[in-house]
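Please open the model in your viewer and keep the sequence panel beside it. The tour below proceeds by selection, with a short account of what is found at each stop.

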Amino acid sequence: MNNSNNMKKPDYGNWVPAAMMKMCWFITVILAVLELAGILVIHNIILNVIVGILFLIVLAFTLYMWRCRNIFDFNKGGLMGEVHEYLVKHLNWDGEGTLLDIGCGAGALTIRCAKRFPKARLTGMDYWGAEWSYAKEQCEQNAQIEGVASCVQFQKGDAGKLEFEDGTFDAAVSNFVFHEVRTQPDKRKVVREALRIVKKGGAFAFQDLFAQKQLYGNMEEFVEELRREGIQEIHYISNVEKQDFIPGFVQAPWMLKGMGLIYGKK
């Protein structure tokens, strides 16, 4: 690694995107201006009350999301890294062979796995939608900065239809991706697709909103189905957000509510 890379910090982004925060603050400022104009110019009490209430609601939401963004940040609260670490600790793998990170985003989980399993060859795959401000080049730069570029590669792909043969990888991981896959509305099929590319006897650890029944139905029943279909070892941890390392304020329904982890050996 060269000296310039030693001076840089990786950019792993944030689960609360910068674009979203800018929009929240913009709307907050607009409502504040409208409220001030109403008080000084319009003098319509009912209108002023309505705008004032809207301003307070939007301000509260904006401050909440700003706090969440800070706690998630790898360089501040570090919660994103702790969530990744929780997943990796449940990946029962010796690190020999190949690993696929499905929906790698900015490469944070892929790179964590590369450091944990230095003998492995890793592939990070993502659709890289513009809404998350992630890109393949960003992943590659992060891997270079972290000193793992020689054992990691990144490629574009769709988690709903992986472009790999059955049993291609010795291990697979994924974090908060399956519920975002728009090409496959049946999220159980996304899980099965992820398992398809794992070798028989290979390890897997997938974290998503598994406890949200509108997405996955009864997860205990689904896990039992997977056992009957030949998955030799599979465990399910429901409501991971209740773990001690996750603050209560991020357990809102639109944030980390309903987290779950499935892991085991195929």
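Select Leu36, Ile39, Leu40, Val41, Ile42 and Leu47: together these residues form a nonpolar patch on the surface, with about 580 Å² of accessible area. A patch consists of residues with over 30% relative accessible area and no salt bridge, with like charges joined within 9 Å and nonpolar side chains (Val, Leu, Ile, Met, Phe, Trp, Tyr) within 5 Å. A salt bridge here is a side-chain nitrogen of Lys or Arg within 4 Å of a carboxyl oxygen of Asp or Glu. Accessible areas follow the Shrake-Rupley method with a 1.4 Å probe, and for residues only the protein chains shown count as cover.

The model is a predicted one, in which local features need pLDDT of at least 70 and side-chain atom pairs count only at pLDDT 80 or more, while totals for chains, interfaces and linings use all residues. Residues are numbered from 1 along each chain as its sequence is written, and side-chain values use heavy atoms, with hydrogens and water left out.

Now colour helix H2 (residues 18-42), which gives the most to the nonpolar patch, with five residues. Helices (H or I, at least four residues) and strands (E, at least two) are DSSP runs, numbered from the N terminus. Within helix H2, pick valine 41. Valine 41 counts as exposed because its relative accessibility is 61%; buried means under 20% relative accessible area, exposed over 50%, and partly exposed in between (1.4 Å probe, protein chains only).

**The whole chain**

Zoom out to the protein chain, which has nine helices and seven strands. Its C-alpha atoms fill a box of roughly 70 × 50 × 35 Å, taken along the principal axes. Of the 266 residues in the chain, 50% are buried. The accessible surface comes to about 13,500 Å², and 57% of this belongs to carbon and sulfur atoms.

**The sheet**

Display the strands alone. In what order do the seven strands form the open sheet? The order is S3-S2-S1-S4-S5-S7-S6, with mixed pairing. Strand S3 (152-156) and strand S6 (233-238) are the edge strands, each pairing on one side only. Neighbouring strands of this sheet are turned by 15 degrees against each other on average, direction ignored. Two strands pair if DSSP finds at least two bridges between them.

Begin at S3, which pairs with strand S2 (residues 121-126) in the parallel sense over five bridges. Leucine 122 stands opposite valine 152 in S3.

Move next to S1 and S4, a parallel pair joined by three bridges. Here leucine 100 faces alanine 172 in S4. Alanine 172 also has phenylalanine 204 in S5 as a bridge partner, and six bridges join S4 to strand S5 (residues 198-208), which run parallel. Is S4 enclosed or open? Seven of the seven residues of S4 are buried, so this strand is largely enclosed by the rest of the structure.**Leucine 100**

Select leucine 100, in strand S1. Leucine 100 counts as buried because its relative accessibility is 0%. Leaving aside neighbours within four places in sequence, leucine 100 is in contact (heavy atoms within 4.5 Å) with Thr123, Met125, Phe164, Phe169, Ala171, Ala172, Val173 and Ile197. Tyrosine 134 is 34 residues from leucine 100 in sequence and 18 Å from it in space, C-alpha to C-alpha.

**Helices across the sheet**

Add helix H5 (residues 108-116), which lies across strand S1 (98-102), S2, S3 and strand S4 (169-175) and runs at about 175 degrees to S2. Axes are lines fitted to C-alpha atoms, for helices over the stretch in contact, and angles run from 0 to 180 degrees between N-to-C directions. The buried residues of H5 are Ala108, Leu109, Thr110, Ile111, Cys113 and Ala114. Their cover includes helix H4 (79-89), S1, S2, helix H6 (136-146), S3 and S4.

Then show helix H9 (residues 219-228), which lies across S6 and strand S7 (260-265), running at about 170 degrees to S6.

**Two loop residues**

Most residues other than glycine have a negative phi. Phenylalanine 176, although not a glycine, has a positive phi of about 55 degrees. Phenylalanine 176 lies in the loop between S4 and helix H7 (187-196), and counts as buried at 15% relative accessibility.

Finish at asparagine 239, in the loop between S6 and S7. Asparagine 239 also has a positive phi, of about 50 degrees, although it is not a glycine. At 30% relative accessibility, asparagine 239 counts as partly exposed.
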